[in-house]
Amino acid sequence: MKITFLGTGTSQGIPVIGSTHPVCLSNNPKDKRLRVSIMVQWDDNTFVVDCGPDFRQQMLRANPEKIDAILFTHEHADHTAGIDDIRPFCYRQGEMPIYAHQRVIEQLKIRFEYVFATKNRYPGAPKVKINQITNEAFSINNKQIIPIEGFHYKLQVFGFRFDRFAYLTDIKTIAEAEIDKLKNLDVLVINALREESHISHLNLEEALQLVNVIKPKRAYFTHISHLLGFHDEVQQKLPNNVFLAYDQLEITI
Ligand SMILES: [Zn+2]
Ligand SMILES: [Zn+2]
């Protein structure tokens, strides 16, 4: 299984437009972060989690031949605003299978009415095949995917477990029963926004605590704010098996 970090930044991305913060001005490519998304290539399948406003740029640089499904964690714009740019895949492959909670699908129908319209469709509009998921394991092309439910302040979000890899973003809290689904992981990816506390995201300390509870072999942090600091400096402070993710990082499991 190959995981590609398509984006590792928080909702505004890094650099933030117009910011003069030193991290936003950094020349280190690891300090430049598009909005969060990952690509999971598992045998013959390519799955993408979330489709944010940087999707086009992410696809140009990762350049997958096809996408078998897009899975959504939740409806926030930094995770969904790129849907119009799935068109090149639709033109080649037909309808794009999307997997999301019912609430997320309802939100997408409001925000992207023309994508979901069944009448008077504009001929070039993106086409999706809706797959509503609940907090139960589901399969895509015989690959089992286990949703992991967390809360982003009061908003329910899904993370996903793919075999011995799990991806959780935009969570602040997670129930014991969901943590139980995360045993024996080779790699856990989890959100760590910054050092200071935040109402709807884990901060660095909370993310480290959760890694200590879940005990994956390795953990990678994502959904990073410029306020967390320079990549290389933060990395030096982390335990040996914990890493800050960065854009275009690839890991093989
Ligand atoms: Zn987000
Ligand atoms: Zn969010």
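1. Let's start with helix H4, residues 102-111 of this predicted model. Its buried residues are Val 104, Ile 105 and Leu 108. They sit on the same side of H4, because the arc they cover around the axis is only 100°. As for what that side packs against, the partners of the buried residues are helix H2 (77-80), strand E5 (96-100), helix H5 (113-116) and strand E6 (128-132).

2. Helix H1 (residues 55-62) is worth a look next. Here the buried residues are Phe 55, Gln 58 and Met 59. Their arc around the axis is only 95°, so they too fall on the same side of their helix, H1. Turn to the other side of H1 and you find Arg 56 and Leu 60, which are exposed.

3. What do the buried residues of H1 pack against? There are strands E1 (2-7), E2 (37-42) and E3 (45-49), plus helix H3 (87-93). Just after H1 comes Asn 63, and its phi is positive, near 50°.

4. Now for a loop residue. Asn 203 is found in the loop that runs between strand E12 (187-191) and helix H7 (204-214). Is Asn 203 buried or exposed? It counts as buried, because its relative accessibility is 6% and the cut-off for buried is under 20%. Setting aside neighbours within four places in sequence, the residues in contact with Asn 203 are Ala 192, Leu 193, Arg 194, Glu 195, Glu 196 and Ser 197.

5. On to the whole chain. The protein has eight helices and 15 strands. Its radius of gyration is 17 Å, and the globule rule gives 18 Å for 253 residues, which is close, so the protein is as compact as a globular protein of that length. If you want a feel for the dimensions, the C-alpha trace spans about 55 × 45 × 35 Å along the principal axes.

6. Some numbers on the interior: buried residues account for 55% of the 253 in the protein. Taking contacts between residues at least 6 apart in sequence, 64% of them join residues at least 24 apart.

7. Last, the outside and the charges. The accessible surface of the protein is about 11700 Å², and carbon and sulfur atoms hold 48% of that. On the charge side, you have 29 positive and 30 negative side chains, with 3 Å between the centres of the two sets.

Technical notes:
Residues are numbered from 1 along each chain as its sequence is written. Chains are lettered from A and ligands numbered from 1 in the order in which they are written. This is a predicted model: local features need pLDDT of at least 70, side-chain atom pairs count only at pLDDT 80 or more; totals for chains, interfaces and linings use all residues. Side-chain values use heavy atoms; hydrogens and water are left out. Buried means under 20% relative accessible area, exposed over 50%, partly exposed in between (1.4 Å probe, protein chains only). Helices (H or I, at least four residues) and strands (E, at least two) are DSSP runs, numbered from the N terminus. The arc is that of the directions from the helix axis to the C-beta atoms. Contact means heavy atoms within 4.5 Å. The radius of gyration is taken over C-alpha atoms; the globule rule is 2.2 Å times the number of residues to the power 0.38. Accessible areas come from the Shrake-Rupley method with a 1.4 Å probe; for residues, only the protein chains shown count as cover. Lys and Arg count as positive and Asp and Glu as negative; His and the chain ends are not counted. The place of a charge is taken as NZ of Lys, CZ of Arg, CG of Asp or CD of Glu.
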